[in-house]
Amino acid sequence: MVPEATQEQHPVTPAGTAPFLIGDRMTGGYGAADILHDCTVAVEKGEIAVIVGPNGAGKSTAMKAVFGMLNLRSGAVRLDGEDITTLSPQDRVAKGMAFVPQTSNIFTSMTVEENLEMGAFLRRDDIRGTMEQIYDLFPILRDKRRQAAGELSGGQRQQVAVGRALMTQPKVLMLDEPTAGVSPIVMDELFDRIIEVARTGISILMVEQNARQALEIADKGYVLVQGANAYTNTGRALLADPEVRRTFLGG
Ligand SMILES: Nc1ncnc2c1ncn2[C@@H]1O[C@H](COP(=O)(O)OP(=O)(O)OP(=O)(O)O)[C@@H](O)[C@H]1O
Ligand SMILES: [Mg+2]
């Protein structure tokens, strides 16, 4: 083990040990004022990283920055060692990134199956196999595949949104509050499916309002406050940290 102080003096990470995806020391916002301040989030291959923090902390902004929807004033985004900071979101999709935004993440007037087909718009190969995998992951979507997505329940809509993102066969799946507005049972169910996806080797970078439950399934957790990293550790360590518990997890 390299002592922490030595790591500080030698910030260059040796090749092969860099995170699979990292938004590294990101600073930027939507206009003149910065929202993110030197903010870092990262996820390893096949792991689950969770971003938590108060409303307005910049969690969604950090996700948008990693996905290329925000111009950074400084910092970088790297995927599998490649600097992708200047790539458009569409180019990032082509590189293996998928993003489910917090709102407006499905086409409500289209059927479930059409939503999945839309997710595969960049693909030129046969998408049937992937669609079957998604129906196996979320069987209710197979039953409702001819129904307008707007007619589904909140939890089912979130399954459509995740399924649509998976249609690109991503290496990284980014989810902004996938369990927003769903019951605790549906949340548990969705988290189980997300774990299943991660076990296939896909990295999950996820923002969650249900901080305690999300940190329980997180390999790595990031607590953001006012656009900056307040605490970073394993999910387990954050859950055990009295200060984090008291301030962010309701005791
Ligand atoms: N499109 C935008 N244009 C300008 N400012 C924005 C925009 N989106 C967000 N902001 C501002 O950026 C800050 C961070 O917002 P953000 O949505 O990233 O927070 P969040 O942590 O995701 O909050 P929540 O938990 O409510 O989803 C807020 O002050 C917000 O007002
Ligand atoms: Mg948000």
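# Working through a predicted model

Asp80 sits in the loop between S4 and strand S5 (82-83). That loop is a good place to begin these exercises; please keep in mind that the model is predicted.

## Exercise 1: two residues with an unusual backbone angle

Find out which sign phi has at Asp80 and at Glu177, and decide how buried or exposed each residue is.

Solution.

Step 1. Start with the background: most residues other than glycine have a negative phi.

Step 2. Now look at Asp80, which is not a glycine and yet has a positive phi of about 50 degrees. Glu177 is not a glycine either, and its phi is positive at about 55 degrees.

Step 3. Place the second residue. Glu177 belongs to the loop between S7 and helix H8 (184-199).

Step 4. Count neighbours. A residue is buried if 20 or more other C-beta atoms lie within 10 Å of its own, and exposed if 12 or fewer do. Asp80 has 14 C-beta neighbours inside 10 Å, so it counts as partly exposed. Glu177 has 22 other C-beta atoms within 10 Å, and therefore it is buried.

## Exercise 2: the glycine after Asp80

Work out whether Gly81 is buried or exposed, and how far Gly81 is from Pro19 in sequence and in space.

Solution.

Step 1. Gly81 is in the loop between S4 and S5.

Step 2. Gly81 has 12 C-beta neighbours inside 10 Å, so it counts as exposed.

Step 3. Along the chain, Gly81 and Pro19 are 62 residues apart, while their C-alpha atoms are 8.1 Å apart in space.

## Exercise 3: building the open sheet

Put the strands of the antiparallel open sheet in order and say which strands stand at the edges.

Solution.

Step 1. Take strand S1 (residues 21-28) and strand S2 (residues 36-43): they pair in the antiparallel sense over 5 bridges. Two bridge partners let you check this on screen: Leu21 is matched with Val43 in S2, and Met26 with Cys39 in S2.

Step 2. Strand S1 also pairs with strand S4 (residues 72-79), again in the antiparallel sense, over 6 bridges. Here Gly23 has Val77 of S4 as its bridge partner.

Step 3. Join the pieces. The sheet has 4 strands, is open, and runs in the order S2-S1-S4-S5 with antiparallel pairing. S2 and S5 each have a single partner strand, so they stand at the edges and one side of each lacks a neighbour in the sheet.

## Exercise 4: a strand covered on both faces

Determine which residues of S6 lie on each face, and whether they are buried or exposed. Then find the sense in which S6 pairs with S7.

Solution.

Step 1. Strand S6 covers residues 97-100; Met97 and Phe99 are on one side, and Ala98 and Val100 are on the other.

Step 2. All four of these residues are buried, so both faces of S6 are covered.

Step 3. S6 and strand S7 (residues 172-176) pair in the parallel sense over 4 bridges. Within this pair, Phe99 stands opposite Met174 of S7.

## Exercise 5: the ligand shell and Gly227

List the residues that surround ligand 1 and sort them by character. Then find which residues are in contact with Gly227.

Solution.

Step 1. The shell of ligand 1 is made of Tyr30, Ile35, Gly53, Asn55, Gly56, Ala57, Gly58, Lys59, Ser60, Thr61 and Gln102.

Step 2. Sorting this shell gives 3 nonpolar, 7 polar and 1 charged residue.

Step 3. Gly227 lies in the loop between strand S9 (220-225) and strand S10 (228-233). With 23 C-beta neighbours inside 10 Å, Gly227 counts as buried.

Step 4. Leaving aside neighbours within four places in sequence, Gly227 is in contact with Asp34, Ile35, Leu36, His37, Cys39, Ala57 and Gly58. Ile35, Ala57 and Gly58 also appear in the ligand 1 shell.

## Exercise 6: the whole chain

Describe how compact the protein is and how many of its contacts are long in sequence terms.

Solution.

Step 1. The protein has 11 helices and 10 strands. Its radius of gyration is 18 Å, close to the 18 Å given by the globule rule for 251 residues, so the protein is as compact as a globular protein of that length.

Step 2. The C-alpha trace spans about 55 × 40 × 40 Å along its principal axes, and 40% of the 251 residues count as buried.

Step 3. Among contacts between residues at least 6 apart in sequence, 68% join residues at least 24 apart.

Step 4. An unreviewed UniProt entry carries the annotation "domain: ABC transporter" for residues 21-251. Over that stretch the chain is 37% helix and 25% strand.

Notes
Residues numbered from 1 in each chain as written. Chains lettered and ligands numbered in written order. Predicted model: local features only at pLDDT ≥ 70, side-chain atom pairs only at ≥ 80, totals over all residues. Near = placed C-beta within 6 Å. Nonpolar A, V, L, I, M, F, W, Y, C, P; charged D, E, K, R; others polar. UniProt positions renumbered as here; feature names shortened; annotations may be inferred. Pairing = 2+ DSSP bridges. Rg over C-alpha atoms; globule rule 2.2 N^0.38 Å. Contact = placed C-beta atoms within 7 Å.
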